[in-house]
Amino acid sequence: MNNNSNISHGEDDQRKKESLDSRFNQTLRNVQGLLKGRSIPGKVLLTRRPDPLDDSGFQRSPSYQRSFSQNDAGTSDDMDKSMEGGNTNNSASHTTVNKLRSSTSNIETVAKEVPKPAVGARATDSARVMKFTKELSGQMVILERLRELAWSGVPPYMRPNVWRLLLGYAPPNSDRREGVLRRKRLEYLDCVAQFYDIPDTERSDDEINMLRQIAVDCPRTVPDVAFFQQAQVQKSLERILYTWAIRHPASGYVQGINDLVTPFLVVFLSEYLEGSIDSWSISDLSSENISNIEADCYWCLSKLLDGMQDHYTFAQPGIQRLVFKLKELVRRIDEPVSKHMEDQGLEFLQFAFRWFNCLLIREIPFHLVTRLWDTYLAEGDALPDFLVYIFASFLLTWSDKLQKLDFQELVMFLQHLPTHNWTYQELEMVLSTAYMWHSMFNSSPSHLAS
């Protein structure tokens, strides 16, 4: 009887193990399909770029290049075998992530051997660009299709129009678009005249203090990019932020919102300024163009923050809620890291609060931010929840390292993460892993319950 019982239990364990293995293998195949351009529910990569699209405003310097040895990445043959080989002993999510990291590294390594044509449309991106062109050229843009395309990156010269559409600032109907943008830009001008271009004697004490705080924060915004140190750029930031704060009294100005304007400012400036951001001068633009750029930044910032209002109200409860979700997700995905951080007394709020407050802008090189924001804006209303998966993927990039650090070392490491040499490759890896985990856990929230 006992023997039969043991056999039965053994068969049950084997079935469970096979089910788990099958699930991980399916996830691997799904993500590999995403990387190769196959359709996955909710996200579509139409073509796998041999290298991420160049931002014409962000020319990558040689210091950003990174080479990979055979030890760093597996071969494509190995990856194909792991994808097609059926059931293997992938009993932990670390194995899945390691295989995914290996495959992506290899794809990018092979890609870097392909000669790069001049900045513009690459031959290898032609199908992707054609898809965007087709979606944007119709009288009515189908936003769901545009989101699927934008999730994996937007061609830089199309980014201003795509972002306006994704945020709902520009209407999908092309016949109405020009008129709506003209009206909204005039409305912004009226707001500036009414709230900003007035003497301090007409402001309340709270408004004077808020304007003073904004004036202090603007020079601190993206300090390692010289463009943002131009006085005229800081004045534009000040006008946008103060006008937004006055129009949104529930939160007012909160430090960190100044960072959120910068991707919009750079993207909308790219319609008027060419070359590297290092060579840009806002004084080259007419006052009308500057006003239009500011208006677009203002309205897009408003649309973005409409979906996360409680992130910036008193005590910022929305951010606190997401930090808790992040802690639970990390515990589920990588228990050794979670336990080590807990044993060391490190609270997630001590480092992750800034991540959610500034949406990682302070954690990665600025030339990668607009690519990251393509995915942010493509997520739409689902962005706050998806941020949890992106940040978990970002944190666990350094899983092995984190487990070797004591409390003080953890604090210092997480406040100064070694991302200064990151390229698009590392960012794409973070996003791919986040998508994989989202597909595994988001439909089963009980898995993340305490």
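**Salt bridges and buried residues in a predicted model**

Arg 164, Arg 185, Glu 271 and Asp 296 are linked in a network of salt bridges. The model is predicted.

Q: How many salt bridges does the structure hold?
A: A salt bridge needs a side-chain nitrogen of Lys or Arg within 4 Å of a carboxyl oxygen of Asp or Glu. One such pair is Asp 200 and Arg 203, with closest N and O atoms 2.9 Å apart. The total for the structure is 19.

Q: Which residue forms a salt bridge with Arg 182?
A: The partner lies with Arg 182 in helix H7, 4 residues apart, about one turn of the helix. The closest N and O atoms of the pair are 3.3 Å apart. The partner is Glu 178.

Q: Is Glu 428 buried or exposed?
A: Glu 428 meets Arg 371 in a salt bridge of 3.0 Å, N to O. This pair links helix H19 and helix H15, 57 residues apart. The relative accessible area of Glu 428 is 6%, and the limit for buried is under 20%, so Glu 428 is buried.

Q: Why does Gln 234 count as buried?
A: Gln 234 lies in helix H9 and touches Cys 218, Pro 219, Phe 228 and Gln 229, leaving out residues up to four places away in sequence. Buried means under 20% relative accessible area. Gln 234 counts as buried because its relative accessibility is 14%.

Q: How many residues has the largest nonpolar core?
A: Nonpolar side chains tend to be buried together in soluble globular proteins. Here, Trp 373 is among the residues with the most contacts inside the core. Its contacts include Phe 264 and Leu 304. The number of residues in this core is 124.

Key
Residues numbered from 1 in each chain as written. Predicted model: local features only at pLDDT ≥ 70, side-chain atom pairs only at ≥ 80, totals over all residues. Heavy atoms only, no water. Core = buried A, V, L, I, M, F, W, Y, C linked by side-chain atoms within 4.5 Å. Buried < 20%, exposed > 50% of the residue type's maximum accessible area, 1.4 Å probe, protein only. Contact = heavy atoms within 4.5 Å. Helix = DSSP H or I, 4+ residues; strand = E, 2+ residues; numbered from the N terminus.
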